[in-house]
Amino acid sequence: MAKPGGTAQPPSKAGKPVAKTGNKRKGGAGAAAAAPPPKRARAEDAKSKGDDKKLSTKEKRATIREKKLLHKKNWNVIQDAVYLWEKLRPKETPDAERKELVSNILKKVKGKLLELCNHHTASRIIQFCIKFGGDAERRVVMEEVRANVVELSRSKYGHFLVRKLINTAKKDEIPGLVKLFRGHVAQLLRQPYGADVITDLYDVASTTDRNALCAEFYGKEFVLFDGISGEAGRLHSLKQLMAGAAPAKQRAIIQHMTKALVPIMEKALLHPPITHRLVKEYLDNATGLSVEDAVETLSQTGEAVLRMVHTHEGAAAACMVLAYGTPRDRKRLVRAMKGHVAAMAADEWGHTVLCMALGCVDDTSLTGKVLVPEFKELLSEGVHQATAVRVLMQLLAPGSRRHFPPAIHEMLHPPQRTVRGSSGKSVTDLDGEEDEALDFGKAAGDGDAEDGDDLFVKKGKEGGKGKAADKAKPKAKGRKPEEADDDKEAAGAPKEGAEGEEGPERVLGASKKDPLLRRRELLGSGPKSLSAALTAVVTAAAGSLLRSPHSCELVVEVARGGEQGVLYDLDSAGVSAVHSALVEDAARTAEEVAAVGEDEEEAGPAPAEREHVLLSYYSSRALRRLILAAADEQPAGAAAAFVAALWEGALQGRCAQWVGTHGEKVLAALLHSGVPAVVQAASEELKPLVKQPLEEWASRFLSHGQGQRQEGEAGKEDAGKAAKVPADAGSNKRAKGVEGKRAAAAEEPREGPKAA
């Protein structure tokens with residue numbers, strides 16, 4: 001007999017199939033029968049509900065409290081601490097009461113700190129106690145968690161307590177905190193919470209302690225103790241360690257560093273400054289094939305690489321990723337820069353990554369869509385920023401040491417790395433490559449021992465025979481044929497089938513596009529191009545930019561049309577407009593400039609802007625460089641056109657008022673401008689105004705190198721006269737607040753009083 005609630009019946013004895021009562025289709029006849037029967041309410045549930053209705057609110061809270069006490073550990077302690085914490089939090093709480101509250105809270109949580117640190121609310125309460133407590137309270141907390149500080153650093157809420165202890169520690173307590181993390185730095189940097197703890201520890205640590213933290217990536221001897229001779233704190237860089245190590249030891253260091261750094265790079269945990277330093281050192285000292293693999297791994301992280309660009313080491317590492325990467329790697333990084341161009345252009349080190357991207361990425365259509373539009377939006381403000389000006393200089397005059405400090409110039413020109421063989425080899429395949437920085441010799445035949453353990457094994461005299469060689473034999477069975485050939489070659493045996501031939505040599509990050517063509521495509525032509533926007537902005541603010549210490553160089557480069565005349569070819573009308581603005585500013589008299597400054601007192605113009613362009617320290621020297629640039633142009637270009645316009649529109653017939661001032665530098669430069677008509681006219685006008693011979697007078701205002709050439713032509717006697725400096729020249733400079741080098745003192749003579 002079938003059950004009344006069943007949906008199907010067993011088959012009959014006759015074997016005839018029985019029709020199913022249920023139907024899956026909507027609205028079927030068996031739909032109602034397929035639904036499960038409703039559950040009957042239990043008598044106990046009804047009884048409990050009835051009891052709850054009879055309980056008051058106070059009784060219900062007590063019941064809930066009892067249940068939480070049974071099921072949640074330390075719940076009662078946390079609630080009592082929260083009650084005191086609410087009194088501690090307000091800013092109006094007196095200091096004496098705060099100290100008492102902190103003492104009471106620590107008494108309640110004593111002995112349970114390790115468990116409470118992993119609770120969200122309890123962790124915040126203990127952090128408040130550390131912040132508002134004294135040295136005694138901090139020592140109490142530290143002593144209780146000292147043995148488990150590494151485990152707490154991995155905790156979601158516990159790592160906040162460790163960070164608070166680090167940030168509130170005194171200077172003499174930092175070395176003790178560093179010792180607590182010895183041997184665990186590499187492990188913590190692989191975990192997000194641990195990486196934040198190491199970041200705070202690295203920020204407050206001294207140089208010696210920072211070196212010790214980084215040294216754990218150099219080998220096991222630095223993990224277990226401070227190196228073989230205790231030199232961990234004295235190693236300021238990996239290069240220092242590699243310089244004094246044997247080739248086999250160099251190989252072991254790179255192997256250990258690869259194993260420690262690769263997981264960090266794969267997880268994209270690149271924000272700690274210690275990681276920036278380690279990645280830079282690895283890319284500087286690792287072999288070419290290892291660098292190639294690391295660059296590919298870093299480029300795949302995308303925006304994570306941009307978290308490194310705010311530090312010196314991080315920006316250098318990011319520049320090397322762009323320099324050594326493939327076109328695909330570079331495109332990934334350029335796409336990741338979208339939306340961050342303004343922040344990078346204003347950053348002290350981040351702008352170097354933008355310069356590198358503009359100088360090495362061949363896909364100008366991508367950079368033109370991602371980087372150029374965002375940079376055009378900030379152009380009006382960027383021309384007044386030193387960092388943004390350097391980005392523009394990368395397009396106008398790339399590689400110029402005048403515009404880029406030595407540290408930034410070195411970052412933009414990393415050493416060339418060449419490798420031999422196909423890509424994809426591991427760090428142990430050292431024989432198939434050639435690297436300029438390191439020469440590992442024949443270290444590849446030393447076996448596969450990890451982290452240099454084979455260095456402590458005594459080997460035989462010939463070919464490494466002995467126990468170490470015997471242990472390495474079974475490992476070589478499973479290796480690839482080409483790796484076995486590399487071992488034979490390292491041991492001195494000829495490579496099978498090669499007959500002394502080497503693999504193809506490759507240059508990491510080799511660019512195929514002409515640099516001049518890349519600059520032309522990025523600057524562009526037309527009304528919506530970057531070149532048109534740049535000339536328009538410089539024309540509108542030519543006077544203030546020319547008087548600025550860092551923007552005057554930009555005006556010079558724009559006015560001369562950029563290196564190789566690239567800007568003048570793309571936007572000659574815009575460059576001519578810049579010339580007109582400069583000539584118009586120079587044509588004004590000193591009285592007119594002072595009158596404009598008095599009329600605009602409410603706007604608050606800068607004192608430098610009230611000086612005439614020929615009297616200002618920076619603008620007069622900028623004009624001199626621009627005029628002398630015309631002599632180097634072959635054929636005559638934008639600089640020569642500016643010289644002619646400046647002479648005709650501002651200086652012709654007015655040289656007398658500028659003799660004896662900063663304007664003398666500009667007048668002397670006209671005599672060496674290389675424009676025949678201007679040189680002849682300026683010589684005729686200056687000859688009666690100058691008591692000395694024109695060549696001798698002008699040579700004193702030229703650059704040191706050009707002055708030497710003029711002295712050589714004039715003879716030894718004239719050279720001695722030109723090199724002499726009046727005794728009070730230095731005192732005049734100090735009075736003006738300008739301190740130069742000795743060469744500058746010899747180059748610039750005593751100047752007369754400025755024009756009224």
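Trainee: Over residues 144-179, how far apart are the end C-alpha atoms?

Mentor: This is a predicted model, in which local features need pLDDT of at least 70, side-chain atom pairs count only at pLDDT 80 or more, and totals for chains, interfaces and linings use all residues. Residues are numbered from 1 along each chain as its sequence is written, and side-chain values use heavy atoms, without hydrogens and water. The span 144-179 is 64% helix and 0% strand, where helices (H or I, at least four residues) and strands (E, at least two) are DSSP runs numbered from the N terminus. Its end C-alpha atoms are separated by 17 Å.

Trainee: Which UniProt annotation covers residues 108-143?

Mentor: Residues 108-143 are 78% helix and 0% strand. The unreviewed UniProt entry annotates them, along with residues 144-179, as "repeat: Pumilio".

Trainee: Are helices α20 and α23 roughly parallel or roughly antiparallel?

Mentor: The axes of α20 (residues 312-324) and α23 (residues 350-360), lines fitted to C-alpha atoms over the stretch in contact, come within 9 Å and cross at roughly 10°. Angles under 35 degrees count as roughly parallel and over 145 as roughly antiparallel. The two helices are therefore roughly parallel.

Trainee: Which helix gives the largest share of the largest nonpolar core?

Mentor: Such a core joins buried (under 20% relative accessible area, 1.4 Å probe) Ala, Val, Leu, Ile, Met, Phe, Trp, Tyr and Cys residues through side-chain atoms within 4.5 Å. This one has 192 residues, and F217 and W697 are among those with the most contacts inside it. The largest share, 10 residues, comes from α20.

Terms used: Axes are lines fitted to C-alpha atoms, for helices over the stretch in contact, and angles run from 0 to 180 degrees between N-to-C directions. Angles under 35 degrees count as roughly parallel, over 145 as roughly antiparallel, 65 to 115 as roughly perpendicular and the rest as oblique. Buried means under 20% relative accessible area, exposed over 50%, partly exposed in between (1.4 Å probe, protein chains only). UniProt positions are given in the numbering used here, feature names are shortened, and annotations may be inferred rather than shown by experiment.
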